[in-house]
Amino acid sequence: MNWFTRVRNSLTSLSKRSTDKDLWVKCPSCQQMVFAQEYQENAFVCPRCDHHGRIGADERLAQLLDEGFEVLPIPDVKEDPLKFRDTSKYTDRLKKARAKSPHKDAFLVGSGAIEGKPAVVGVQDFGFMGGSMGMAVGTAFCQGAERALTRHCPYIVVTAAGGARMQEGILSLMQMPKATVMTRRLKEAGLPYIVVLTDPTTGGVTASYAMLGDVHLAEPGALIGFAGQRVIQDTIREQLPDGFQRAEYLHKHGMVDMVVHRHDLRDTLATLIDYLAPAAEAA
């Protein structure tokens, strides 16, 4: 025990101060400690190494949409239709996830404008059970598409998911064709459907609406794929190249149209809406 510790322990009148939230954030990329307020003000991008951190649906909508946008209520669906249980009940897992989130599931839709241009934005929240796609997510996605059809404006979806929700079995997989049908309806109406791929976008989400956009944007360093890298390597028995399944690699090989920094994402979307607006007006 050093001198400072002995003196501090002897002062019984001093009480340990606590705060409601952490003042520092550790960057998962460069491992540097970043002041939490600075990190938040920088759009949750590390100011040291430019690593794009994962953010919630509310923060994402606030970053992209103009002030005064409307948040659509998450639709009600039948919960735990399969009475699923592994190490714990599915209903208990939902309660635990909802205790940490202001919303009752992983997909949130905002209806408003981007730099004055009408748009509907759907956001997947990885913080809610890994952004997994279940009936609530599929129904919310379709609700967002319906709102875009009603307003006759672009539909922008920001993806972040570990795949389909295993606790809902085949019912979660049925959301893939359901969402695909809605993207087809948008196309038939001449409305732009733009996808923003963020870290991570994998599994059944990648196999459906995440790869059906008219334009695909991705944030720097985002993990994008269907199966995991280890599974692919074990299957083909070959070493995969560096950066495989990352946004920059997919852009180089033509699966992503643009890799866009988070600071530039709002302006880029506004420009894309300008380019694609004539098709919407002609419909």
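The exchange below goes through the sheet, the helix packing and the nonpolar cores of a predicted model.

Me: What makes β3 and β9 the edge strands of the sheet?
Reply: Seven strands form an open sheet in the order β3-β4-β5-β6-β7-β8-β9, with mixed pairing. β3 (70-72) and β9 (258-259) each pair on one side only, and that makes them the edges.

Me: How do you know that β3 pairs with β4?
Reply: Two strands pair if DSSP finds at least two bridges between them. Three bridges join β3 to β4 (residues 107-114), so the criterion is met. The two strands run antiparallel, and E70 stands opposite S111 of β4.

Me: Why is the pairing in this sheet called mixed?
Reply: Strands of a sheet can pair either parallel or antiparallel. β4 and β5 pair in the antiparallel sense over eight bridges, with V120 of β5 as the bridge partner of S111. β5 and β6, in contrast, pair in the parallel sense over four bridges, and there G122 stands opposite V157 in β6. Both senses occur, hence the sheet is mixed.

Me: Why is β5 described as largely enclosed by the rest of the structure?
Reply: A residue is buried when its relative accessible area is under 20%. Seven of the eight residues of β5 are buried, so the strand is largely enclosed.

Me: What makes α5 roughly parallel to α7?
Reply: The axes of α5 and α7 come within 9 Å and cross at roughly 10°. Angles under 35 degrees count as roughly parallel, so the label applies to this pair. The contact is made by residues including F141, C142 and A145 of α5 and A179, M182 and L186 of α7. By class, the contact has nine nonpolar, four polar and three charged residues.

Me: Which residues of the largest nonpolar core touch the most other members?
Reply: Of the 38 residues in that core, F107, F141, Y155, L186, Y193, Y209 and I224 do. Among the elements that give two or more residues to the core are β4, α5, β6, α7 and β7. The largest share, seven residues, comes from α5.

Me: Which residues is Y209 in contact with, leaving aside its neighbours within four places in sequence?
Reply: Y209 is in contact with Q124, M133, V137, F141, V157, T159, A179, T183, Y193 and V195.

Me: What residues does the second core include?
Reply: L65, I74, L217 and L265 are among its 22 residues, and this core is separate. Members of a core are joined through side-chain atoms within 4.5 Å.

Notes. Residues are numbered from 1 along each chain as its sequence is written. This is a predicted model: local features need pLDDT of at least 70, side-chain atom pairs count only at pLDDT 80 or more; totals for chains, interfaces and linings use all residues. Side-chain values use heavy atoms; hydrogens and water are left out. Buried means under 20% relative accessible area, exposed over 50%, partly exposed in between (1.4 Å probe, protein chains only). Contact means heavy atoms within 4.5 Å. Axes are lines fitted to C-alpha atoms, for helices over the stretch in contact, and angles run from 0 to 180 degrees between N-to-C directions. Angles under 35 degrees count as roughly parallel, over 145 as roughly antiparallel, 65 to 115 as roughly perpendicular and the rest as oblique. Ala, Val, Leu, Ile, Met, Phe, Trp, Tyr, Cys and Pro count as nonpolar, Asp, Glu, Lys and Arg as charged, and the others, Gly among them, as polar.
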